[in-house]
Amino acid sequence: MLEKNVAQLLNEQVNKEFFSAYLYLDLSNFYERKGLAGFANWYKIQAQEERDHAMLFYQYLHNNNATVTLEAINKPNAELKTLMDPLKVSLAHEEYVTNLIHGIYAAAQKANDFRTMQFLDWFVKEQGEEETNARNLITKMELFGDDPKSLYMLDNELAARVYAAPSLVL
Ligand code: FEO
């Protein structure tokens with residue numbers, strides 16, 4: 001049995017991860033309109049990964065005999081004007097999600113819920129990678145974003161990203 005508080009936080013995370021998918025789809029949508037298909041591809045794949053994350057929390061709750069309640073997903077409301085804006089939004093969002101994951105981890109630790117801690121280990125690592133990716137993209141945009149040829153090459157680089165299913169299997 002999952003402790004009530006831990007189960008509730010895990011359930012909320014299902015919603016947060018679906019919101020992340022929606023937010024990233026909006027960032028992809030922004031770049032599609034700007035004609036940067038590579039950036040759009042990067043965030044469309046990011047959205048797919050976030051749906052996977054949501055489903056991992058969903059399945060973990062079911063595997064542990066907990067009730068899942070699906071709540072409404074908020075409208076993404078990031079203000080996107082410059083080509084840099086989505087990259088900054090993405091980093092801030094990942095830092096926020098890292099805090100959420102750490103919060104669930106702390107609750108699981110307090111409840112001596114070793115199984116949930118082990119489940120969350122994958123997400124702790126994943127958050128580290130996602131923050132690094134987001135920071136690297138900002139650096140690249142700062143370095144090359146003002147030069148059209150370099151921006152074209154960066155867009156091509158991001159077009160090469162392909163979807164890979166998560167390495168965590170429940
Ligand atoms: Fe589900 Fe981007 O973390």
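**Entry 1. Phe 114 and the start of H4**

I began with Phe 114, which is found in helix H4. I worked throughout on a predicted model. Is Phe 114 buried or exposed? Its relative accessible area is 58%, and exposed means over 50%, so Phe 114 counts as exposed. I then looked along the helix to Glu 130, which is 16 residues from Phe 114 along the chain. The C-alpha atoms of Phe 114 and Glu 130 are separated by 24 Å.

**Entry 2. Two asparagines in loops**

I next looked up backbone angles. Most residues other than glycine have a negative phi. Asn 65 has a positive phi, near 60°. I located Asn 65 in the loop between H2 and H3, and with 66% relative accessibility this residue counts as exposed. Asn 112 also has a positive phi, near 55°. I found Asn 112 in the loop between H3 and H4, where it is exposed at 54% relative accessibility.

**Entry 3. The nonpolar cores**

I turned to the interior. How many residues does the largest nonpolar core have? I noted 23, and Leu 2, Leu 10, Phe 57, Leu 61, Phe 119, Leu 120 and Phe 123 have the most contacts inside this core. At least two of its residues come from each of helix H1 (4-34), H2, helix H3 (85-110) and H4. H3 gives the most to this core, namely 6 residues. I also recorded another core that lies apart from it, with 21 residues, including Leu 80, Leu 87, Leu 151 and Leu 154.

I then examined Phe 57 in the largest core. Setting aside residues up to four places away in sequence, I listed what Phe 57 touches: Leu 10, Gln 13, Val 14, Glu 17, Ile 101, Ile 104, Phe 119, Leu 120 and Phe 123.

**Entry 4. The largest pocket**

I looked up the largest pocket, which holds about 210 Å³ of space. Its lining has 15 residues, and those closest to the centre are Glu 49, Trp 122, Glu 126, Glu 129 and Ser 167. Helix H2 (37-63) and helix H4 (114-144) each supply at least two residues of the lining of this pocket. Which helix gives the most to the lining of the largest pocket? I found that H4 does, with 6 residues. By class, I recorded 7 charged, 4 polar and 4 nonpolar residues in the pocket lining.

**Entry 5. The cavity**

I searched for enclosed space as well. The structure holds 1 cavity of 30 Å³ or more, and the volume of the largest cavity is about 70 Å³. I noted its lining residues as Tyr 24, Trp 42, Tyr 43, Gln 46, Ser 90, Glu 94, Glu 130, Asn 133, Ala 134 and Leu 137. H2, H3 and H4 are the elements that give two or more residues to this lining. The largest share, 4 residues, comes from H4. I recorded the classes of the cavity lining as 5 nonpolar, 3 polar and 2 charged.

**Entry 6. Arg 161 and its partner**

I looked up Arg 161, which is placed in the segment after helix H5 (148-159). Why does Arg 161 count as buried? Its relative accessible area is 16%, and buried means under 20%, so Arg 161 meets the cut-off. Leaving out neighbours within four places in sequence, I found Arg 161 in contact with Asn 41, Trp 42, Ile 45, Gln 46 and Glu 49.

Side chains of opposite charge can pair when their charged atoms come close. Arg 161 and Glu 49 meet in a salt bridge, with 3.3 Å from N to O. This pair links distant parts of the chain, with Arg 161 after H5 and Glu 49 in helix H2, 112 residues apart. Both Arg 161 and Glu 49 are buried.

**Entry 7. Further salt bridges**

I noted a count of 7 salt bridges. One of them joins Lys 81 and Glu 79, whose closest N and O atoms are 2.6 Å apart. I recorded both Lys 81 and Glu 79 as exposed.

Arg 135 also forms a salt bridge, with Glu 95, and the closest N and O atoms are 3.3 Å apart. Arg 135 lies in helix H4 and Glu 95 in helix H3, so this pair ties together parts that are 40 residues apart in sequence. Arg 135 is partly exposed at 37% relative accessible area, and Glu 95 is partly exposed at 33%. I closed by tracing one network, in which salt bridges with shared partners join Glu 95, Glu 131 and Arg 135.

Terms used
Residues are numbered from 1 along each chain as its sequence is written. This is a predicted model: local features need pLDDT of at least 70, side-chain atom pairs count only at pLDDT 80 or more; totals for chains, interfaces and linings use all residues. Side-chain values use heavy atoms; hydrogens and water are left out. On a 1 Å grid over the protein atoms alone, a cavity is a set of points where a 1.4 Å probe fits but cannot get out, and a pocket is an open set with protein on both sides within 12 Å along at least five of seven lines; lining residues have an atom within 4 Å of a point. Grid points are joined across faces, edges and corners, and a volume is the space filled by probe spheres set on the points. Ala, Val, Leu, Ile, Met, Phe, Trp, Tyr, Cys and Pro count as nonpolar, Asp, Glu, Lys and Arg as charged, and the others, Gly among them, as polar. A nonpolar core is a set of buried Ala, Val, Leu, Ile, Met, Phe, Trp, Tyr and Cys residues joined through side-chain atoms within 4.5 Å. Buried means under 20% relative accessible area, exposed over 50%, partly exposed in between (1.4 Å probe, protein chains only). Contact means heavy atoms within 4.5 Å. A salt bridge is a side-chain nitrogen of Lys or Arg within 4 Å of a carboxyl oxygen of Asp or Glu.
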